[in-house]
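Work through the exercises below with the coordinates open. Each task is followed by a solution in steps.

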Amino acid sequence: MGSLPVPSVQALVAATGGDDAAAEAVTSDGDGDGEAQIPIIDHQRLLLELDHGGEESARLHRACQDWGFFQLVNHSVPDDVVESMKANIQQFFQLPAETKKRFAQEQGQLEGYGQLFVVSEDQKLDWADMLFLYTQPPEMRNTKFWPDQPATFRSALDRYSGAVKDVSDSLLATMAKNLGLKREAIADKCIRGMQKVRINYYPPCAQAEKVVGLSPHSDANLLTLVLQVNHVQGLQIKRNGSWLPVKPVSGAFVVNIGDMFEVLTNGRYRSIEHRAVVHPKEERLSIAAFQFPNIDTMIGPLKEMTGHEDDAYKTLDLESFMKIFFATKLEGKNFLEQMKLN
């Protein structure tokens, strides 16, 4: 697993008392009940409906309300940009451990190669390596953590991150309209919106049922767009008390609502708990782009969303919001519980 301090399977089992970390109830991924897969949304149709609404916009609204997850097909990120990003990710994780260590996280910092959500020395770590980078706006980038091997990694990520932000901005505009808001109600908060990416490498594990690749959690940000890099599946969402495996459509983004969006909408759109499981024989790779509002944004229920309702969540500045999130052990939606007023 390279240079990271990931414990052995035996240590993980001992730390959990021998319980199967990934063996909770998993929903069948067949097609029997119509609930088998998250909704699929066509991005080009959404763009055609942006000014006047339509069937695809209504389908997106239902997906956000009922699922909190959807797959976005026919999007505007060019195929060559996607394929270049995938190839560079695969090549990076094939590099020797010593080479990858050049981009390692520094003490107390999130950026770089390593692991997130390490809040104590004795916690069970996720079965994964990751590369976490600030990508938008460009002036936030710390290029010493941006790999210069493979040689095209930086240019590939630059093109990819910009194209993904454009997709995210268009989705947020449609989602605002679907909620009865003016487009600028959310768009104005994202003019210089931040984007951070987490590139994930989940090694195979012979006792895959004993470990988890990424602990159950919801995302802190507004919107997350995940691209599957290779053919191995592993993303699961919490649905009706069980884990539902997601089957990514080739080339699609798996998109989910984040905690900030739940807070801004006063719970109208909710973030959903999800996790990553590992494969016993094959590695899995993915890249998640986390979309955030401008750095000076206050995170709290929008007045346009509350009307005569009481605010269900606290209002915090973005920095305070994120400090609490990263100081909290990654465990379900426990972070968002701290944001609730009642």
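The exercises cover helix packing, two sheets, a salt bridge and some backbone angles.

The model is predicted, so local features need pLDDT of at least 70 and side-chain atom pairs count only at pLDDT 80 or more, whereas totals for chains, interfaces and linings use all residues. Residues are numbered from 1 along each chain as its sequence is written, and side-chain values use heavy atoms, with hydrogens and water left out.

**Exercise 1. Helix packing**

Determine how helix H4 and helix H6 cross, and which residues meet.

Step 1. Locate the elements: H4 covers residues 79–93 and H6 covers residues 153–178. Helices (H or I, at least four residues) and strands (E, at least two) are DSSP runs, numbered from the N terminus.

Step 2. Fit the axes, which are lines through C-alpha atoms, for helices over the stretch in contact; angles run from 0 to 180 degrees between N-to-C directions. The two axes come within 9 Å and cross at roughly 140°.

Step 3. Classify the angle: H4 is oblique to H6. Under 35 degrees counts as roughly parallel, over 145 as roughly antiparallel, 65 to 115 as roughly perpendicular, and the rest as oblique.

Step 4. List the contacts (heavy atoms within 4.5 Å). On the H4 side they are Asp80, Val81, Ser84, Met85, Asn88 and Phe92; on the H6 side they are Phe153, Ala156, Leu157, Arg159 and Tyr160. These residues comprise seven nonpolar, two polar and two charged. In this scheme Ala, Val, Leu, Ile, Met, Phe, Trp, Tyr, Cys and Pro are nonpolar, Asp, Glu, Lys and Arg are charged, and the others, Gly among them, are polar.

**Exercise 2. The eight-stranded sheet**

Give the strand order of the open sheet of eight strands and find its edges.

Step 1. Two strands pair if DSSP finds at least two bridges between them. The resulting order is E1-E2-E10-E7-E12-E5-E4-E3, with mixed pairing.

Step 2. E1 (40–42) and E3 (112–114) each have a single partner strand, so one side of each is left without a neighbour in the sheet. Neighbouring strands are turned by 25° against each other on average, direction ignored.

Step 3. Check the E1 edge: three bridges join E1 to E2 (residues 69–73), and the two run parallel. Aspartate 42 faces valine 73 in E2.

Step 4. Place H4 on the sheet. H4 lies across E3, E4 (129–136), E5 (195–202), E7 (223–228) and E12 (284–291), at about 120° to E12.

**Exercise 3. The four-stranded sheet**

Which strands form the edges of the open sheet of four strands?

Step 1. The order is E6-E11-E8-E9, with antiparallel pairing.

Step 2. E6 (214–217) and E9 are the edge strands, each pairing on one side only.

Step 3. E8 and E11 (residues 274–276) pair over three bridges, and leucine 235 is opposite alanine 276 in E11.

**Exercise 4. A salt bridge in H4**

Find the separation of glutamate 83 and lysine 86 along the helix and between their side chains.

Step 1. A salt bridge is a side-chain nitrogen of Lys or Arg within 4 Å of a carboxyl oxygen of Asp or Glu. The structure holds 15 of them.

Step 2. In this pair the N to O distance is 3.7 Å.

Step 3. The two residues are three apart in H4, which means about one helical turn.

**Exercise 5. Backbone angles**

Where are the cis peptide bonds at proline 137 and proline 150, and what is the phi of asparagine 240?

Step 1. Glutamine 136 and proline 137 are joined with omega about -10°; glutamine 149 and proline 150 with omega about -5°.

Step 2. Proline 137 sits in the loop between E4 and H6, and proline 150 is in the loop between E4 and H6.

Step 3. Asparagine 240, although not a glycine, has a positive phi of about 55°. Its place is the loop between E8 (235–239) and E9 (242–245).
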